[in-house]
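Colleague: Please take one part of this model and go through it closely. I want to know how it is built, what it touches and what sits inside it. Spell out your cut-offs as you go.

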Amino acid sequence: MTFIEDQIRQTARKYLENDEVSCVIGYERDTRGRSRPVFIESVDQVDRLVWGPDCNLNLASYLHERKHSPGKDQPIPKTAVVLRPCDTRAINLLINEQQVARENVRIIGVTCEGSEINGSLRVDCEFCQERVPPLYDDLILTELPVEVPESADPYADINEMDQWTPEERLAFWTSEFDRCIRCYACRQACPGCYCFECVAEKLDPHWVSIALEVPEKMFFHVMRAYHLAGRCVGCGACEAVCPMDIPLGKLNRKVAKEILELFDYRTGDSIETHPPLVCFNPNERLNL
Amino acid sequence: MLDTNSILTTPGLATIKGMKDLADNIKLVQVRFDDPDARKNFSYAPGQFAEVSVFGVGESPFGLASSSERGDIVEFAVNRVGTLTEALFRLDVGDQIGLRGPLGNGFPMDRFKGKNIVILGGGIGGAPLRPIIQTILDHRGDYGKLTILWAARSPDLLVFTDEYDLWQQAPDVEMFLTVDKAPAGWPHEEGLITTLLEKINPSTDNTITITCGPPIMIKFAMMTLEKLGFQPDQNWVTLEAKMKCGIGKCGRCNMGGVYICTEGPVFCFSEVRQFLESFV
Amino acid sequence: MKVISQEQLNLWLADLLKQTVVVAPIEKHGKIQYQEINSISQIVWDFTRPELPPRNWVIPMTEPILFIEQGPTTVLKQPDLPHEKILFGLRPCDSRSFKVLDALFWDKEPADPQYARHRQALTLIGLACPEMWDSCFCTVVGGAPDDTEGLDILLTRIDDGFAVQAITEKGQALVSGLDLLQWSGVPADPSEARGLPKLHESAEWAAVFKDVFWKELSHACLSCRVCSFVCPTCRCYDVRDEVIAICPNGKVYERLRAWDTCTSMGYRRIAGGHNPRETQVKRLKNRFYCKFMYYPEDFGVLGCVGCGRCIDACPAGIDILEVVEKVDLKLAQAQI
């Protein structure tokens with residue numbers, strides 16, 4: 001048990017013992033040694049909770065009832081959830097969009113040393129300056145102070161991509177989306193995707209063909225990136241769950257960069273701020 | 001050898017011969033196969049269904065609402081609820097559609113011979129029951145007393161209203177109508193079909209019941225029938241489920257290991273009770 | 001035992017490639033995938049199991065199953081017959097999956113015409129696994145690393161070549177022209193994974209249908225389609241008409257069939273909104289029960305070949321082998 005795991009378990013125990021929550025959502029290790037989400041509902045199970053760089057989902061996405069459909073007529077349970085700093089930004093977003101009520105969630109925020117996908121540190125984490133969650137009920141500390149990377153351009157790879165010709169960009173993304181199997185894992189793991197019926201699957205009207213071919217796959221991903229404009233927190237869950245290793249984070253960071261430049265807006269700074277594309281601000285002036 | 005042109009797997013073309021308003025947002029579509037052989041060969045039992053193609057939209061299953069014995073016009077009722085039914089509503093006499101079938105098992109009419117029959121129809125659920133009524137009327141001597149309980153949310157949602165007189169004129173037939181909420185001057189019953197059922201309290205002796213309607217109505221009708229002394233094996237139901245293929249391939253309609261499309265849609269309620277998954 | 005050297009095998013494959021379409025494991029985007037090849041040098045010989053199953057060659061991810069020309073009258077056209085294909089280098093679990101799919105799409109009347117058209121065109125040549133890898137469990141579901149089920153020919157690697165077993169007449173005909181060498185040895189037995197759980201008979205599964213562990217298991221399920229899309233035997237599909245041409249006299253549509261899965265939220269939702277499987281526990285349970293109870297009872301074969309792809313791909317760490325183990329445990333507890 002690590003220093004962090006000890007604190008997570010103690011916090012979970014506290015919440016369950018006090019009956020403050022009915023469930024703690026965190027990570028456990030399966031018999032094969034891999035991390036996976038776990039729903040702890042009783043005190044005697046809290047020692048299953050673990051922490052590590054491979055705990056790379058955003059557990060906030062388990063908070064929307066609509067996506068996970070616990071069944072009609074069930075009260076929304078009070079839940080504690082283990083989150084990284086970027087993950088907690090999603091809570092701000094979800095509260096702002098009235099998908100989650102603050103009083104129903106206890107945030108066990110973990111001081112973050114970065115998360116890994118397939119054993120390598122995520123691009124976002126390389127430049128991330130935010131190691132302490134902007135929102136938490138309990139702060140989990142690291143044993144040693146976390147080294148914050150020196151300030152560097154977090155969008156270096158995006159700037160590089162921006163230099164490509166449109167043909168080069170199209171060729172790159174066509175090749176990436178070619179291997180997409182339209183499994184929707186990216187969408188299902190995303191805290192910002194909670195539509196009851198996704199446009200990609202809606203039958204009436206039928207916007208997107210059911211075909212699993214490049215145009216549909218590209219349409220789906222680009223549409224999702226647009227729907228997440230100013231709403232993506234950069235948690236990387238989409239990329240972590242993608243069975244075909246498509247660099248979805250790159251697409252989302254491209255949009256995040258545009259939003260930052262156009263609106264000086266970063267998702268999830270607080271409960272009060274509305275994503276710029278879903279609200280109207282008469283004083284808004286774009287520097288186009 | 002593989003028959004790639006089987007009408008079970010490839011639609012046969014049929015032309016719309018009539019579109020009748022049955023109720024608010026419910027139409028009866030009357031079609032006839034273009035191919036004379038298909039007309040002859042397409043014989044079906046009450047309770048069977050067909051996959052109807054609206055070209056450019058897709059296919060959906062519809063319970064056949066006509067009796068195969070009454071001619072080569074095939075009828076089914078359409079409730080405007082989704083894309084395909086919306087598209088069907090836009091079609092008119094002379095337009096072509098596709099039909100695959102007949103699919104499913106149908107009611108075992110032979111087993112019902114000599115028995116008293118109680119029919120419970122809810123809303124558009126009355127449509128697949130109509131061929132049973134027609135068959136009984138066409139062979140009146142083969143069956144016992146026929147009691148029809150017909151329900152809808154409101155009077156404008158009752159289907160086949162123009163046929164009630166004909167049905168009731170037949171010997172040994174009783175018919176009762178009920179609506180959830182009756183307007184002023186409504187001469188029939190008010191309330192749920194289960195209330196009506198309790199009031200009529202049909203004898204269980206040598207009787208079978210046949211129910212079709214929304215899942216929730218079937219659930220409560222079965223509870224009421226049990227209360228009135230009916231055994232599960234006296235009660236027959238026809239179930240609905242989302243389907244694509246209608247021939248047990250696409251994996252959409254199973255309730256536990258039972259495929260509604262091939263093993264149903266008609267079931268004895270004693271079988272339904274054995275399903276691992278609830279039909280509601 | 002007949003054997004063939006790697007060199008001779010390559011020559012034979014190069015010859016086959018001139019005559020027909022050959023699908024084989026190759027590396028693409030850093031992953032091993034069954035793909036049509038245009039050169040023998042593309043074939044990867046040492047691999048565990050390809051990322052995606054070979055069912056794309058009988059039920060393509062997307063394909064038209066009917067063409068509809070709608071003008072003054074309507075004309076329906078069947079798709080063209082698919083080209084003959086050799087699937088080379090199939091892992092035995094994957095070749096077994098064709099038996100599973102055959103049971104439903106072909107053996108159960110009426111046969112699915114499009115499936116049958118694809119299936120008729122296939123010759124299956126397998127490559128035995130030297131061992132069971134992490135998350136493999138073919139032996140739990142009746143298979144083996146050197147199983148021949150579904151195959152026309154099985155190749156097993158030996159020191160300086162491959163042992164050749166022609167399984168079917170089709171396979172025999174294919175190897176008959178080959179100059180195979182006689183070999184007195186026997187290929188080494190593949191090493192089998194130990195300590196795997198016992199799979200219970202389909203009928204026994206009913207007893208644990210209402211157990212609470214399903215609910216606990218399903219909490220983490222994201223209701224995505226990964227497990228089904230990497231599965232060689234999942235076969236749920238969606239069908240929809242799409243416009244492909246608009247002409248002066250009318251329109252041409254194709255009736256598209258595309259992969260779909262019972263684990264997605266709206267799979268069972270009907271027009272009007274009713275959804276009998278609206279919770280993820282119901283959906284997840286359906287997938288496992290389909291594999292281990294419904295499929296064997298309805299179609300006579302287990303619906304799982306033990307490839308373990310879903311174990312590796314599930315983003316929520318749901319492990320089909322843990323399910324099998326849990327059911328075993330629950331049934332054992334019920335006995336006491």
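Modeller: The close look below is at chain B, followed by a short visit to chain A.

First, the ground rules. This is a predicted model: local features need pLDDT of at least 70, side-chain atom pairs count only at pLDDT 80 or more, and totals for chains, interfaces and linings use all residues. Residues are numbered from 1 along each chain as its sequence is written, chains are lettered from A and ligands numbered from 1 in the order in which they are written, and side-chain values use heavy atoms, without hydrogens or water.

Now the build. Chain B has nine helices and 15 strands. These are DSSP runs, with helices H or I of at least four residues and strands E of at least two, numbered from the N terminus. Chain B has a radius of gyration of 18 Å, close to the 19 Å from the globule rule for 280 residues, so chain B is as compact as a globular protein of that length. That radius is taken over C-alpha atoms, and the rule is 2.2 Å times the number of residues to the power 0.38. The C-alpha trace of chain B spans about 50 × 40 × 35 Å along its principal axes.

Next, the inside. Of the 280 residues in chain B, 61% are buried. Buried means under 20% relative accessible area, exposed over 50%, and partly exposed in between (1.4 Å probe, protein chains only). Take contacts, meaning heavy atoms within 4.5 Å. Among those in chain B with a separation of 6 or more, 67% join residues 24 or more positions apart.

Helix α2 of chain B shows this packing in detail. The helix covers residues 83-90. Its buried residues are B:Leu84, B:Thr85, B:Ala87, B:Leu88 and B:Phe89. An α-helix has 3.6 residues a turn, so residues three or four places apart point the same way. The buried residues of α2(B) pack against six strands of chain B: β1 (12-23), β2 (26-33), β3 (49-54), β4 (58-63), β5 (74-79) and β6 (96-103).

Then the outside. The accessible surface of chain B is about 10,800 Å², with 47% belonging to carbon and sulfur atoms. Areas come from the Shrake-Rupley method with a 1.4 Å probe; for residues, only the protein chains shown count as cover. Chain B carries 26 positive and 34 negative charges, and their mean positions are 3 Å apart. Lys and Arg count as positive, Asp and Glu as negative; His and chain ends are left out. Each charge is placed at NZ of Lys, CZ of Arg, CG of Asp or CD of Glu.

Chain B also meets chain C. There, 43 residues of chain B contact 46 residues of chain C. The two chains bury about 3,600 Å² between them, 54% of it on carbon and sulfur atoms. Buried area is the accessible area (1.4 Å probe) that two parts lose on being put together, summed over both. In chain B, B:Lys249, B:Arg252 and B:Leu276 lose the most area to chain C, together 21% of what that side buries.

Last, chain A. It has 10 helices and seven strands, and 54% of its 288 residues count as buried. A:Ser115 lies in the loop between β4 (105-110) and β5 (116-117) of chain A. A:Ser115 is buried, at 2% relative accessible area. Its contacts beyond four places in sequence include A:Pro53, A:Arg84 and A:Cys125.
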